[in-house]
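Reader: Hi! I would like a close look at one loop and what lies around it, please, written for someone who works at the bench. Start there and follow the contacts outward.

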Amino acid sequence: MYEQERERLVTNLCKEGYIKTERVKHAFLTVPREAFIPDSLKNYAYVDTPLDIGQGQTISAPHMVAIMCESLDIKDDQKILEVGAGSGYHAAIVAKLVGETGHVYTIERFESLAKKATENLKQIGITNVIVEVGDGSCGLPFYQPYDRIYVTCAAPKIPQPLIDQLQDSGKLLVPIGDKYCELILLEKEKGKTVVHRLGGCVFVPLIGKYGH
Ligand code: SAM
């Protein structure tokens, strides 16, 4: 029922330059966004916009998920940490990108959202994502180090625990600011870090010890 809408959205995201690689395109085509959206909003599943998922939080707009996936250059077999599971949609896309031998760990501060995200992921048969409840501004030390870490909410500055939990040669993506923010990519190489500014964006705030 939603397949044509999904294909149309993906075609547009490619044309607009948000999706750049076949890998990301394939992930977007194989994850049904409607499965992560409350019943009352399912008709909007393939509109390129954030949508409410409860607790005042949102599932990110598809173009933002695409930008983040492309800039992280996610590869097969990697271990990824997501801060802010929300609906579980972005984690599902990343789960496709790391493949069956890769692992995604995602941490969410609201227990109700974490529970729903777990159900959503199970419902579409994704088995390589673990959803935890907690303050992701402190990272998730138990499974460290991570090849890639990304934050789906805006932090006042890059949380040091996330830098510490990043593997050497790893990449960390964090929106910095307060709602209106800038996407920052940090690359770690031989213990040194290099920071790139990727442009403006809008996110809900990161709440926690190293958040707002
Ligand atoms: N990735 C999500 C998706 O695909 O639906 C969208 C995430 S939403 C934009 C941001 C999420 O970050 C919210 O669910 C919010 O509760 C969560 N969040 C905010 N601060 C957090 C923290 N310190 N630890 C974990 N999650 C946090």
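Author: Happy to. A residue is called buried here when its relative accessible area is under 20%, and exposed when that value is over 50%. Please keep in mind that this is a predicted model.

Let's begin with Ser60, in the loop between β2 and α3. Its relative accessibility is 17%, which is under the 20% limit, so Ser60 counts as buried. Setting aside residues up to four places away in sequence, Ser60 touches Arg33, Thr49, Pro50, Val65 and Phe203. Take Arg33 from that list: 27 residues separate it from Ser60 along the sequence, and their C-alpha atoms are 11 Å apart in space.

Another name on the list, Val65, leads into the helix that follows the loop. Val65 is one of the buried residues of α3, along with Pro62, Met64, Ala66, Met68, Cys69, Glu70, Ser71 and Leu72. Helix α3 spans residues 62-72, and nine of its 11 residues are buried, so the rest of the structure largely encloses it. Just after α3 comes Asp73, with a positive phi of about 50°.

On the other side of the loop is strand β2, residues 57-59, where you will find Gln57. Gln57 is buried too, at a relative accessible area of 18%. A polar atom of the Gln57 side chain lies 3.2 Å from the backbone oxygen of Gln55. Beyond its neighbours within four places in sequence, Gln57 is in contact with Leu51, Asp52, Phe110, Leu113 and Val204.

Phe110 is a good stepping stone from here. The charged end of Arg109 sits over the ring of Phe110, 4.5 Å from its centre. Arg109 has a second role in the picture: one of its backbone N or O atoms lies 3.2 Å from a nitrogen atom of the ligand. Glu108 approaches the ligand as well, with an N or O atom of its side chain 2.7 Å from a ligand oxygen atom. From Gly84, a backbone N or O atom comes to 3.2 Å from a nitrogen atom of the ligand. On its own the ligand has 600 Å² of accessible area, and the protein covers 99% of it. There are 27 residues around the ligand, and those that come nearest are Ser87, Glu108, Asp135, Gly136 and Ile207.

Ser87 carries us one step further. Its backbone oxygen lies 3.0 Å from a polar atom of the side chain of Asn120. Asn120 belongs to helix α5, residues 111-123. With a relative accessible area of 3%, Asn120 is buried. Apart from residues up to four places away in sequence, Asn120 touches Ala35, Phe36 and Ser87.

Now for the aromatic rings, since the structure holds six aromatic pairs. One of them joins Tyr2 and Tyr46: the ring centres are 6.2 Å apart and the planes meet at 45°, so this pair is tilted. Tyr2 is in the segment before α1 (3-15), while Tyr46 is in the loop between α2 (22-30) and β1 (51-54), so the pair ties together parts 44 residues apart in sequence. Both Tyr2 and Tyr46 are buried.

Elsewhere, ring pairs link Tyr105, Phe142, Tyr143 and Tyr146 into a cluster. Lys79 lies over the face of Tyr146, at 5.8 Å from the ring centre. The residue before Tyr146 deserves a look: Pro145, in the loop between β5 (129-133) and β6 (146-151). The peptide bond leading from Gln144 to Pro145 is cis, with omega near 0°.

To finish, compare a few residues further along the chain. In strand β7, residues 166-178, sits Leu172. Leu172 is buried, with a relative accessible area of 0%. Its contacts, leaving out neighbours within four places in sequence, include Ile149, Ile158, Ile184 and Leu186. After that strand, Lys179 is found in the loop between β7 and β8 (180-189). Lys179 has a positive phi near 65° without being a glycine, and at a relative accessible area of 42% it is partly exposed. Lys190, in the loop between β8 and β9 (192-202), has a positive phi of about 50° although it is not a glycine. Lys190 is exposed, at 75% relative accessibility.

Technical notes. Residues are numbered from 1 along each chain as its sequence is written. This is a predicted model: local features need pLDDT of at least 70, side-chain atom pairs count only at pLDDT 80 or more; totals for chains, interfaces and linings use all residues. Side-chain values use heavy atoms; hydrogens and water are left out. Rings of Phe, Tyr and Trp (its six-membered ring) pair if their centres lie within 6.5 Å; planes under 30 degrees apart count as stacked, over 60 as edge-to-face and the rest as tilted. Helices (H or I, at least four residues) and strands (E, at least two) are DSSP runs, numbered from the N terminus. Buried means under 20% relative accessible area, exposed over 50%, partly exposed in between (1.4 Å probe, protein chains only). A charge sits over a ring if NZ of Lys or CZ of Arg is within 6 Å of the ring centre and within 35 degrees of the ring normal. A polar contact is a pair of N or O atoms within 3.5 Å; within protein, one must be able to donate a hydrogen and the other to accept it, and residues adjacent in sequence count only if both atoms are side-chain atoms. Contact means heavy atoms within 4.5 Å. A residue is near a molecule or strand if one of its heavy atoms lies within 4 Å of it. Accessible areas come from the Shrake-Rupley method with a 1.4 Å probe; for residues, only the protein chains shown count as cover.
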